[in-house]
Amino acid sequence: MFAVPQLRSLVTDIADEMRARTDRGRIADYIPELARVDPGFFGMAVALPDGTVVTAGDAETPFSIQSISKVFTLTLALGIAGDRLWKRVGREPSGTAFNSIVQLESEKGVPRNPFINAGAIAVTDVILAGHKPSVALGEILRFMRFLSDDQTVTIDKAVAESEQRTGFRNMALANYMKSFGVIENPVDYTLGVYFHHCAIAMSCRQLALAGRFLAHSGRNPDTGHSVISSERARRINAIMLTCGHYDGSGDFAYRVGLPGKSGVGGGILAIVPGQASIAVWSPGLDDAGNSHLGRIALEAFAKRSGVSIFGA
Ligand code: DON
C-alpha cells in the first residue's frame, strides 16, 4: 500500500520532471477544438482507497477525456446487455489505429474491441437502445458524476460540436456497421451521443476518483457503493491492458505494466489493482495517438514505486 508522504514526493518529482521536458509529442488537431489546447500542461492524480487524492501539476484543470470515456460506456453497456454485448463487438487487440476502417470489412462490420472508435460507437448504440440521445447522454454524464462524486463534471459543447462537424471517418465507420445491422439506432443519434461522451471534460482528480471501482473489485472502497461485480471489473481491466492504447497497447504493457486507457485529449487512466486509480494528462501525443509524456510519467511511477501487475 502507498504511504501518503512518499507518494506525494514521488508524484511531485515526476510532475516537475515532466514539466521540464521539451519532447511533448503532437497535439491532436483532427478535432479542431483540441488543437487550441496549450501543450505545456501536465497533471497527475493518484486516488487511494480512503478517498485521499495525491495530486501534482495541473491536476485540477479539466481536459477532454475523449476515448477514456469508452471505459465507462463499456461498463454501462455491459450492465445493459451483459455477455450479449460480445455479439456486437469483439475483445481482441486490433493492432491497428484507433480510427482504422480496414478490419471492419473483413470482419463483417463487427469491431475488434470496445475501445477502437468502431467498437466504442457500437457500445454507444447499445446504451442508446431506442432512447432519445439526450436521455442516453444524461445517463452517461450522471454515471461520471456519481463515480467521481462531483456534480460539476460536464460536457465541453465546443469540443463535441467541433468533432460533429469534422468526424467524417467516424461517420464512415458507423454507416458501414449500420449496413451489417451492428448499429441499430439512427446513425446520427448514435454518433451524436458518441461525440458528446468523448467531449466530457474532467480534471485528473475527478478522473482518478471515477476509476476507483476498477481498482477495488467493482466497489468504491470509500463509500462502500458497489458499482459492478468483481468479475466484471477484472475483465474490464483485462481489456484496458490488451486494447486500451490501440496499436501501442503492447508497448504500454511492457513499459508500465498496468491496465490503462488513453484519449486523444492527452489523458490516461491507469489502474493499480487493489491500490490506486491514477490519472495523468499531457496533451501532446505519440504516433499511436497516446499521451507521450503521460506514458513516460506512468512508466516512471510504476518503476519507482514498484507497482505493476507483472511484479515489482
Ligand atoms: O472518435 C474520435 O476520434 C475521438 N472522439 C476519440 C479518439 C480517441 O480518444 C483515441 N484515443 N487515443
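**Notebook: helix 12, the sheet and a cavity**

I began with helix 12, residues 230-243, and checked its length: at 1.5 Å a residue its 14 residues should span 20 Å, and the end C-alpha atoms are indeed 20 Å apart, which agrees. I note here that the model I am reading is a predicted one.

Next I looked up which residues of helix 12 are buried, and I found A233, I236, N237, I239, M240, L241 and C243. I then asked what these buried residues pack against, and the list holds helix 2 (69-81), helix 3 (85-88), helix 11 (212-215) and helix 13 (249-255), together with strand 6 (260-262) and strand 7 (267-272).

The two strands in that list led me to the sheet. I recorded an open sheet of five strands in the order 2-1-8-7-6, with antiparallel pairing. Strand 2 (53-57) and strand 6 are the edge strands, since each pairs on one side only. Between neighbouring strands of this sheet I noted an average turn of 10 degrees, with direction ignored. Helix 1 (residues 4-20) packs on the sheet, where it touches strand 1 (43-47) and strand 2, and its direction makes about 25 degrees with that of strand 2.

I then followed strand 7 through its two pairings. On one side, three bridges join strand 6 to strand 7, and the two run antiparallel; here G260 stands opposite A270. On the other side, six bridges join strand 7 to strand 8 (residues 276-281), again antiparallel, and A270 stands opposite I278.

I also looked at the turns. The hairpin of strand 6 and strand 7 has four residues between the strands, and G266 takes a positive phi near 100 degrees. The hairpin of strand 7 and strand 8 has three residues between them, and G274 in the turn has a positive phi of about 80 degrees.

Is strand 7 enclosed or open to the outside? I found six of its six residues buried, that is, under 20% relative accessible area, so strand 7 is largely enclosed by the rest of the structure. G267, L269 and I271 point one way from the strand, while I268, A270 and V272 point the other way, and all are buried.

For contrast I looked up E161, which lies in helix 7 (residues 157-166) and counts as partly exposed because its relative accessibility is 40%. E161 and F195 are 34 residues apart in sequence, yet 8.0 Å apart in space, C-alpha to C-alpha.

Last, I searched the whole structure for cavities and noted four of 30 Å³ or more. The largest has a volume of about 60 Å³, and its lining includes T96, S100, Q103, E107 and R112.

Technical notes. Residues numbered from 1 in each chain as written. Predicted model: local features only at pLDDT ≥ 70, side-chain atom pairs only at ≥ 80, totals over all residues. Heavy atoms only, no water. Expected span 1.5 Å × (residues − 1). Buried < 20%, exposed > 50% of the residue type's maximum accessible area, 1.4 Å probe, protein only. Contact = heavy atoms within 4.5 Å. Pairing = 2+ DSSP bridges. Axes fitted to C-alpha atoms, helices over the stretch in contact; angles between N-to-C directions. 1 Å grid on protein atoms, 1.4 Å probe; cavity = no way out; pocket = protein on both sides within 12 Å on 5 of 7 lines; lining within 4 Å. Points joined across faces, edges and corners; volume = space filled by probe spheres on them.
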